[in-house]
Each structure stands twice: as structure tokens, then as C-alpha cells.
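The following exercises are to be worked through with the sequence and the structure at hand. Each task is followed by a solution in steps.

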Amino acid sequence: MQISFIVEEIKIRIRTLAEQNNFDWFYKLHQVEIVRAAEDLLVYYPNANRDVIILACWLHDIMHYTAKTPEEIMQVKTNHHIDGAVKARQILREFRLPEDMIEQVAKCIERHRNRDDHTAEAIEEKIVAAADS
């Protein structure tokens, strides 16, 4: 299965979740922008794995979209990087991506906040973290 197809499917899922839970404003203001920022950064890092980065950018805040109220989003926010990586693994396994690629995407998501014991190390992780800042 081609990555472009998987990215499109994930975009649809994220957009649908955003619309269902009244976070379409967050999708428009943040979700689309992080992907654009990552694309801009990739120009300077041609050896970085573009597929991993784009998948991670689309999935990095997936847990925000599961919240239905402002209170829930505050609860989700604390560990959204960890819980989001778990959710991303589940989603990406549905598409039968190679396990090493799934783990790279998950690490980008776990480390996109670049804090504590989840510091961005690989170039892909750093690009996702920088695009999200």
C-alpha cells in the first residue's frame, strides 16, 4: 500500500474526529500547519525519512481530537504524546506498515514535546518537534 494513500486515509480520520468533537478549528489552525512546517524543514534535511515525518505530523495530536469538552482536552494534554504513540501504532498496523517504520513514527510522536525523558534524538523526531513548536 502506498504511503500517499495511507496519509490521505489518516487525514480523513483526523478531520472526521475533529469535526465530530468540535475541534475543527484546531485542525485548521494547527494540524495543517505542522505538516506544512515539516515540509518546509524537509528541504534542509533531504536524508530524513519524509514518510515517517509526515505520518507522525498527522498523528501527533490524535488524542486531542478524542476529547469532547475543554475539560477533557486538559486531561488528555498531559500524556497525549504517550497515548498518541500507542494509538498511532494501532492505526498504522491496520495499514500493515513495517514494524520498524511504525516504531519510528511512534517515537516521533512520543518525543514531539521534546521534554523530560522524551527528548527528540533522531532527525525525524527533531523535525516533528520543531514543526510543532
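**Exercise 1: Helix 3 and helix 6**

Task: Determine which residues join helix 3 to helix 6, and describe how the two helices are arranged.

Solution. Step 1: In this predicted model, helix 3 contributes Asp-51, Val-52, Leu-55, Ala-56 and Leu-59, which meet Met-101, Gln-104, Val-105, Cys-108 and Ile-109 of helix 6.

Step 2: Sorted by class, this contact of helix 3 with helix 6 comprises eight nonpolar residues, one polar residue and one charged residue.

Step 3: Helix 3 spans residues 50-59 and helix 6 spans residues 99-110; their axes lie 9 Å apart and form an angle of about 50°. Helix 3 is therefore oblique to helix 6.

Step 4: The crossing in which helix 3 passes helix 6 is right-handed.

**Exercise 2: Helix 2 and helix 3**

Task: Establish how helix 2 and helix 3 are oriented, and which residues make their contact.

Solution. Step 1: The angle between helix 2 and helix 3 is about 165°, and their axes are 9 Å apart.

Step 2: Angles over 145 degrees count as roughly antiparallel, so helix 2 and helix 3 are roughly antiparallel to each other.

Step 3: Helix 2 and helix 3 cross in a right-handed manner. On the side of helix 2, the contact is made by Tyr-27, Gln-31, Val-32, Ile-34, Val-35, Ala-38, Glu-39 and Leu-42; on the side of helix 3, by Arg-50, Ile-53, Ile-54, Cys-57 and Trp-58.

Step 4: The classes in the contact of helix 2 with helix 3 are ten nonpolar, one polar and two charged residues.

**Exercise 3: The cysteines**

Task: Explain why Cys-108 and Cys-57 are not bonded to each other through their sulfurs.

Solution. Step 1: A disulfide is a covalent bond between the sulfur atoms of two cysteines. The structure holds zero disulfides.

Step 2: For Cys-57, the nearest cysteine sulfur is that of Cys-108, 8.0 Å away. A disulfide requires sulfur atoms within 2.5 Å, so the sulfur of Cys-108 is too far from that of Cys-57 for a bond.

Step 3: Cys-57 is buried, with a relative accessible area of 0%, and Cys-108 is likewise buried, at 1%.

**Exercise 4: Ala-48**

Task: Locate Ala-48 and decide whether this residue is buried or exposed.

Solution. Step 1: Ala-48 lies in the loop between helix 2 (24-42) and helix 3.

Step 2: The relative accessible area of Ala-48 is 10%. Buried means under 20%, so Ala-48 is buried.

Step 3: Beyond its neighbours within four places in sequence, Ala-48 is in contact with Leu-42, Ile-53, Ile-123, Glu-124 and Ile-127.

Step 4: Ala-48 and Ala-122 are 74 residues apart along the chain, and 9.1 Å separates their C-alpha atoms.

Methods. Residues numbered from 1 in each chain as written. Predicted model: local features only at pLDDT ≥ 70, side-chain atom pairs only at ≥ 80, totals over all residues. Heavy atoms only, no water. Buried < 20%, exposed > 50% of the residue type's maximum accessible area, 1.4 Å probe, protein only. Axes fitted to C-alpha atoms, helices over the stretch in contact; angles between N-to-C directions. Helix = DSSP H or I, 4+ residues; strand = E, 2+ residues; numbered from the N terminus. Parallel < 35°, antiparallel > 145°, perpendicular 65-115°, else oblique. Left-handed = near helix turned anticlockwise from the far one by under 90°. Contact = heavy atoms within 4.5 Å. Nonpolar A, V, L, I, M, F, W, Y, C, P; charged D, E, K, R; others polar.
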